[in-house]
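Trainee: I should like to study a structure with two chains in front of us. May I put some questions to you about how its parts are arranged?

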Amino acid sequence: MRFSDTMLGAVLLVFGLAGGIYSQSFPAIPGQRYGAAAFPTAIAIGFAACGLAMLAAGWRSAGVPLIMRTEWTRKPGALLAVLVTILCVVAYILFARTIGFIPVMTLILIVLFRMLHVPWWKAIAYAICATLVTDYIFRSILLVPLPFGLMPRMPW
Amino acid sequence: MDPIIAAFELVMTWQVLTTLLMAALFGLLVGAIPGLTATMATALLVPLTFFMDPIPAVGAMVTCAAMAIFAGDIPSALLRMPGTPASAAYSDEAYAMTRKGQAETVLGACVLFSAIGGLFGTAVLIFAAPALAEIALNFSSPEYFWMALLGLTCSAFIGAASPLKGAVSLLIGLFVATIGLNNPAGVPRFTFGSTEMMAGIDFIPAMIGLFAVSEVFRTIAAGAPPWEGVQGKVGNIFRNWGGMVKTYWRQQIRGNVMGTLIGILPGAGADVAAYVSYAVSRRFSRTPEKFGTGHLEGIVESTSANNASLSSAWIPALVFGIPGDTITAIVIGVLYVKGMNPGPTLFLFNPQTIYAVFLIFILANLLMVPLGWVAIKLAKRLLQAPRTVLMPIILAFCIVGAFGSNNTAYGIIVMLVFGVLGFFMEENDIPIAPCILGIVIGPILERNFITTMIKSDGSIVAFFDRPIAAGLGVFLILVWLSVLVGVIRQRRSGQMSEADQT
C-alpha cells in the first residue's frame, strides 16, 4: 500500500486541521498564554504544512495513482497473510484472558506456521515448544502474570 | 576512588556477568538476522529487564546493542543484506570483498574495528560525560528546550533521504507524545474518554510494534523466503590484524572521531554515523575509484564509526536525559523505571552506577572479539534458520513483551496499532527513527517550553536570555538554515537536470 504524494498530503492536511481544531477545546492554564493547547496546535500546524508541501509535490508529478500497490503486495496472498497475522493478534487480545495463554498462543503459532507452509508435524511441535518455553521464561522466571484461563497451572 | 571500587563490586558478580553473556548472544543472534535491527533487539530485551536489578538491566542493553551493531556486518558480508541499518552503508562493499574470496579479511576487520571503535566511544563517554554533567547542572528550562529541539532536528533531518518525510515521522511521534494526562496543564488530551489512554501511550509496546511487529508483517507478507546465496567459507579472521591497524590507522581514527561526534549529537545514531563516515572516507581517499569494488578502506572507517557512535550516544542520554539515538531512547525509559533518573544529578548521587555502566561498556566491547568470532563461525548455520519458523515466534515474543510492560491487554493493542503504523510508514518510505525520538523527546520539549513561558510571563526572549541558551538557540537556527539551503540546492539541481533532459 503506497500512497501517492497527493493522497498522503491530503491525509496529513485533514489530520492536521482536525487535530488543530480539536486542540482548541483544551482549557487554558489560568493567567497563562500557553497551555495544554499550545503544543498540539503547533504539531497540527506542522502536519498541515507537511501536507501542503506534499500536495504541492503531488501537483507537479500529476498522473500518479492515488494508492499504489507496492511490488510485493501484488504477489497473491501477500495482503491476506498480513491480515491473518493481524487477526491472530486480535484473537489473542480477545480470547487469551478467558481461554488462557498456552492454548491461544499454541493455536496462533500453528495458524501462522501453516500459513508459511511449515509442514504439519513441525508446525505443531514448534508451536507447543515455543509456547511452553515462552510460558516458562515469562511466567516462571520473569513473573509476568500471563493469563491462565481454562488451563491448570503448569508444574514449573 | 571509592565509587570505582563500588562499581567493580556491582559488575563483577556472577549474576551480572551471566546476564551480559546472555544479552551478548541474544544481540549477536538478532543483529545477524537481516531485517532485525539493533533497536529491535533492545526493544525485545526491555520486558526481560523489568525484573532485573538496575545494573544487569542496563548492562544487558549495552551489551546487546553493541553486539547487534557489529553482528549486522555478518550478513552484510555473506549475503549482501545488512543485518542492521547501521551496516547498510557498506553492505555492497563488504559483499564485493566476499565474492573476491576475502570474507575472512572483511569480517576480521569488522570485529576488530567495531571493538576499537566501541572502546574509543566509551573512552570519550567516560571522560566527557562527567565534565558535561558539571555544565548541565547549570542548565535550566530554556537550555533543555533547545537541547530537545536539537535532538528532534537531528533525528528528522540529518541523514534523511527526504527531510519532508522525516518531518512527518517526527510529527507522528510528537503527536503520540501529547496523548494522555501527562502534560504541564494536566488536561486529558486526545483520550476520547478512554481511561487507559489517560496514562498516555506506553512507550515500550509502541517500540515493539514499530520495530518488531512491522518487520514480522513485512516478512510474512513476502512468504518469509529463505535467504539465497550464503557465502560459506570463512577462514581465519584474525589474520593480518596488525597489518590492518597499521595500514588503516588514519581511516580508523577518523571513523572513531566522526562516529563519536555524531553519537554525541542528540537524535542521530549509528546508521547516520556509518553513512557519513563512508562518504567521508571516499571523499578523502587517495583511491576513491576503488570504492564499491571490494575495498577495505571505507569499511574500516564506517564500521569503526557505527560502534563508536553507539557508546557516545549515551553522553546526551546520561547527562541531559535526551536520547542520542533510538537505542538510548529505549534505555532512558528503562533508566526511569529503575529509579536512575538520567540527568546531571545522576553523577552526583549515583556515581557508582555510572562507573558500573562505563565498566560494562568496556567489557562489552572486549567480549565482542571472542563472541564475534563464534558468531562468524556459526553464521552459515544461523542464516540457514528458516524464517518461516522464526517470524511467528518473534510475534509471540512481541505479544508477551507488550503485555508484560504493564500486564494489561492494552499494551498488546498499542503494539498492534503501532505495528500497522510502522508497516504503513515503511511502505511509504517514512523513516521510523524520528517517530521514536519524537515520542521520547516530545514531553521534554513541551514541559520545558511551558515552564520557560510561565517563568518569563510569556515572553519568547527568555529563550535567548541566558548565555548557553542563546548559544544553543543560535546554533540550532544555523542547523535549520543549512537544512533549508540543502533542500533548495537539491531542488535546484533537480530542476536543472530535468531541464537538461528536455
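The questions and answers below treat the contact between the chains, one helix, the domains and a few single residues.

Mentor: Before we begin, note that this is a predicted model, in which local features need pLDDT of at least 70, side-chain atom pairs count only at pLDDT 80 or more, and totals for chains, interfaces and linings use all residues. Residues are numbered from 1 along each chain as its sequence is written, while chains are lettered from A and ligands numbered from 1 in the order in which they are written.

Trainee: Which element gives the most to the side of chain A that touches chain B?

Mentor: Two residues are in contact if their C-beta atoms, placed from the backbone, lie within 7 Å. On that basis, 48 residues of chain A are in contact with 45 residues of chain B. Helices (H or I, at least four residues) and strands (E, at least two) are DSSP runs numbered from the N terminus, and the elements giving two or more residues to this side of chain A are β1 (2-3), α1 (5-23), α2 (38-60), α3 (78-99), α4 (101-115) and α5 (120-141) of chain A. With 9 residues, the element that gives the most is α3(A).

Trainee: How many nonpolar residues has the side of chain A that touches chain B?

Mentor: Ala, Val, Leu, Ile, Met, Phe, Trp, Tyr, Cys and Pro count as nonpolar, Asp, Glu, Lys and Arg as charged, and the others, Gly among them, as polar. This side has 3 charged and 7 polar residues, and its nonpolar residues number 38.

Trainee: On which residue is the kink in α3(A) centred?

Mentor: α3(A) has 22 residues and reaches 30 Å from its first C-alpha to its last, close to the 32 Å expected at 1.5 Å a residue, where the expected span is 1.5 Å times one less than the number of residues. The bend at a residue is the angle between axes fitted to the seven residues ending there and the seven starting there. In α3(A) there is a kink of about 35 degrees, and its centre is I93(A).

Trainee: Which elements of chain B do the buried residues of α3(A) pack against?

Mentor: A residue is buried if 20 or more other C-beta atoms lie within 10 Å of its own, exposed if 12 or fewer, and partly exposed in between, with C-beta atoms placed from the backbone. In α3(A) the buried residues are A81(A), V82(A), T85(A), C88(A), V89(A), Y92(A) and A96(A). They pack against α4 of chain A and, in chain B, against α11 (203-221), α20 (387-406) and α21 (409-427).

Trainee: What distance separates the centres of domain 1 and domain 2 of chain A?

Mentor: Domain bounds come from an automatic or database domain assignment. Chain A is divided into domain 1 (2-68) and domain 2 (73-141). Taken over C-alpha atoms, their centres are separated by 38 Å.

Trainee: Is A44(A) buried or exposed?

Mentor: A44(A) is found in helix α2 of chain A. Leaving aside neighbours within four places in sequence, A44(A) is in contact with G16(A), G19(A), G20(A) and S23(A). Because 24 other C-beta atoms lie within 10 Å, A44(A) is buried.

Trainee: Is H117(A) buried or exposed?

Mentor: H117(A) lies in the loop between α4 and α5 of chain A. Although H117(A) is not a glycine, its phi is positive, at about 65 degrees. Because it has 10 C-beta neighbours inside 10 Å, H117(A) counts as exposed.
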